[in-house]
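Me: I have a model open and would like to go through the reasoning behind its labels. Could you take me through them one at a time?

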Amino acid sequence: MVPPRTRTALLSLLGVLALAGTAAAQNFESAPQISPVFRAGGSFLVDLVVGGILVAAAPAYTRDAIAEIRDDPGGSFLWGLGIGIGGLIVLVLLAITIIGLLVAIPGFLAFILLSIVGGAVSTVLLGSLVTGTASSGSPSLGVSLVVGALVAAVLSLVPVAGGVILFVVDTLGLGVVGRNLIRSWV
């Protein structure tokens, strides 16, 4: 015979497990979801505006960054992973302390700016790869930007493969921008 305390504990555990299953089956999404087409359109516009600013303000830098990715895609990708993952880990560890927080806040802002510029470079890179200007070195950054923004918007609609492709391309952009920034400091 099972002692009363053990039986009570087992029944309580069974009740908690049954409640957990019921709670896990609930759908708590109360916010309406944005249409994927609307998100893709927003992505297109943001890429177009940010990339347009980069192409207009620094066309030589954009061409050099794309050429650098073309020359060393593996290194650019590894730099992007290092900056994207390692940089964020360092910033989070700095944010734990009060003194480190004074460094982490500007660091997070710099990381966001670095990601924005890297994303703009990757949009132009994607467009140059699609239009074939990556191999010919054609100076048409505007066409590459529009095509890249359009391709990125379409890829954002593809569930898994599109996200993976965009992650790789954005990591390349982040890597080359981060590597150039670090080179300028050293």
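**Reasons behind the labels**

Reply: Happily! Let's begin with Thr 62, which counts as buried because its relative accessibility is 0%, and buried means under 20%. Please keep in mind that this is a predicted model.

Me: Where does Thr 62 sit, and what does Thr 62 touch beyond residues up to four places away in sequence?

Reply: Thr 62 belongs to helix 3. Not counting residues up to four places away in sequence, Thr 62 touches Leu 54, Val 55, Val 124 and Leu 141.

Me: Why is Gly 100 called buried or exposed?

Reply: Gly 100 has 6% relative accessibility. The cut-off for buried is under 20%, so Gly 100 counts as buried. Gly 100 lies in helix 5 and, leaving aside its neighbours within four places in sequence, is in contact with Leu 94 and Ala 95.

Me: What share of the chain counts as buried?

Reply: Of the 186 residues of the chain, 29% count as buried.

Me: Which helices and strands does the chain have?

Reply: The chain has 8 helices and 0 strands, and read along the sequence the pattern is α-α-α-α-α-α-α-α. As for contacts with a separation of 6 or more, 71% of them are accounted for by residues 24 or more positions apart.

Me: What makes a set of residues a nonpolar core, and which members touch the most others here?

Reply: The members must be buried residues of the nonpolar kinds, joined through side-chain atoms within 4.5 Å. In the largest nonpolar core, with 24 residues, those touching the most other members are Ile 69, Val 121, Val 124, Leu 125, Leu 126 and Val 176. Helix 2 (36–57), helix 3 (59–71), helix 4, helix 5, helix 7 (141–155) and helix 8 each supply at least two residues of this core. Its largest share, 7 residues, comes from helix 5.

Me: What does Val 121 touch, not counting residues up to four places away in sequence?

Reply: With those residues set aside, Val 121 touches Leu 54, Tyr 61, Ala 65, Ile 69, Gly 173, Val 176 and Val 177.

Me: What is the volume of the largest pocket, and which residues are closest to its centre?

Reply: The largest pocket has a volume of about 410 Å³. Among the 17 residues that line the largest pocket, Ala 110, Phe 111, Leu 114, Leu 181 and Trp 185 are the closest to its centre. Helix 4 (73–95), helix 5 (98–131) and helix 8 (161–185) are the elements giving two or more residues to this lining; the largest share, 7 residues, comes from helix 8.

Me: How do the residues of that lining divide into nonpolar, polar and charged?

Reply: The lining of the largest pocket has 12 nonpolar residues, 5 polar and no charged.

Me: How many residues of each class does the lining of the second largest pocket have?

Reply: That lining has 4 nonpolar, 6 polar and 1 charged residues. Asp 170 is one of the residues that line the second largest pocket, and Asp counts as charged. Gly 80, Gly 84, Gly 118 and Gly 119 are also among the lining residues, and Gly counts as polar. The second largest pocket has a volume of about 160 Å³.

Me: Where does UniProt place the feature "transmembrane region"?

Reply: The unreviewed UniProt entry places it at residues 41–61, 77–102, 108–129 and 141–158. In the model, residues 77–102 are 92% helix and 0% strand, with end C-alpha atoms 30 Å apart. Residues 141–158 are 83% helix and 0% strand, and their end C-alpha atoms lie 26 Å apart.

Definitions and conventions. Residues numbered from 1 in each chain as written. Predicted model: local features only at pLDDT ≥ 70, side-chain atom pairs only at ≥ 80, totals over all residues. Heavy atoms only, no water. 1 Å grid on protein atoms, 1.4 Å probe; cavity = no way out; pocket = protein on both sides within 12 Å on 5 of 7 lines; lining within 4 Å. Points joined across faces, edges and corners; volume = space filled by probe spheres on them. Helix = DSSP H or I, 4+ residues; strand = E, 2+ residues; numbered from the N terminus. Buried < 20%, exposed > 50% of the residue type's maximum accessible area, 1.4 Å probe, protein only. Contact = heavy atoms within 4.5 Å. UniProt positions renumbered as here; feature names shortened; annotations may be inferred.
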